[in-house]
Amino acid sequence: MAMGLHRAGARGRNRARIPMAEINVTPLVDVMLVLLIIFMVTAPLMTAGVPVDLPDSRANAIDQEPDQITISVDQEGYIFIDDAPVPVGGFPQALAALPQKGGKPPLITLRADKSLDYGRVMAVMGELNRAGFNSISLVTNSSVTAP
């Protein structure tokens, strides 16, 4: 027989129900922790909006700066500045329109698909150099087994 389940003198359906005044927050905390982990895992993957298959490299990672500009070249050779597509032949004009702080050009990171022709990547880098962007970081995937 269970102790403490019945009130003294209460029988059958006549007994009064006592409302529970406690809220169980354990399921809420569990759901919030799962959502936190999901967002922590997916947040770094959402930084690059242009799908590019990057080459592998054993180079050390560089720090990201808040005012850096990302130039992406996809598999077809189309150029994107951050996530905005650049019209064909309009890359020099798009580079001239980039903002500069105190006369100093912003940091440029170049993401190029590994299936691209070397000449296409060099043409993009040549336009960047001609526009005055002489400090360019090349983005790759980190790999331990790369030659």
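This passage walks through the fold, the nonpolar core, one pocket and a few single residues of the protein.

The model is a predicted one, so local features need pLDDT of at least 70 and side-chain atom pairs count only at pLDDT 80 or more, while totals for chains, interfaces and linings use all residues. Residues are numbered from 1 along each chain as its sequence is written, and side-chain values use heavy atoms, with hydrogens and water left out.

To start with the overall fold, the protein has three helices and seven strands; these are DSSP runs, with H or I over at least four residues for a helix and E over at least two for a strand, numbered from the N terminus. Read from the N terminus, the order of elements is α-β-β-β-β-α-β-α-β-β. Of the 147 residues, 24% are buried, where buried means under 20% relative accessible area, exposed means over 50% and partly exposed lies in between, using a 1.4 Å probe and protein chains only. The accessible surface comes to about 11500 Å², and carbon and sulfur atoms hold 59% of that; such areas come from the Shrake-Rupley method with a 1.4 Å probe, and for residues only the protein chains shown count as cover. As for contacts (heavy atoms within 4.5 Å), 70% of those between residues at least 6 apart in sequence join residues at least 24 apart.

Next comes the inside. In soluble globular proteins, nonpolar side chains tend to be buried together. Here, the largest nonpolar core has 17 residues, and I71, F91, V124 and L128 have the most contacts inside it. β2 (69-73), β3 (79-81), α2 (91-96), β5 and α3 each give at least two residues to this core. A nonpolar core is a set of buried Ala, Val, Leu, Ile, Met, Phe, Trp, Tyr and Cys residues joined through side-chain atoms within 4.5 Å. Leaving out residues up to four places away in sequence, F91 touches I71, I79, I81, V86, V124, E127 and L128.

One of those partners, E127, sits in helix α3 and counts as partly exposed because its relative accessibility is 22%. Beyond residues up to four places away in sequence, E127 touches F91, P92 and L95. E127 and F91 are 36 residues apart along the chain, with 7.8 Å between their C-alpha atoms.

The second largest pocket has a volume of about 230 Å³. Two of the elements in its lining, β5 (108-112) and α3 (118-130), give two or more residues each, and α3 provides the largest share, with four residues. The lining has 13 residues, and P55, A112, D113, V121 and L138 lie nearest the centre of the pocket. By type, the lining splits into 10 nonpolar residues, one polar and two charged. A pocket is an open set of points on a 1 Å grid over the protein atoms alone, where a 1.4 Å probe fits and protein lies on both sides within 12 Å along at least five of seven lines; lining residues have an atom within 4 Å of a point. Grid points are joined across faces, edges and corners, and the volume is the space filled by probe spheres set on the points. Ala, Val, Leu, Ile, Met, Phe, Trp, Tyr, Cys and Pro count as nonpolar, Asp, Glu, Lys and Arg as charged, and the others, Gly among them, as polar.

Two loop residues round things off. V139 is found between β6 (136-138) and β7 (141-142), and its contacts, neighbours within four places aside, are L54, T109, L110 and R111. D82 lies in the loop between β3 and β4 (84-85) and has a positive phi of about 55° although it is not a glycine.
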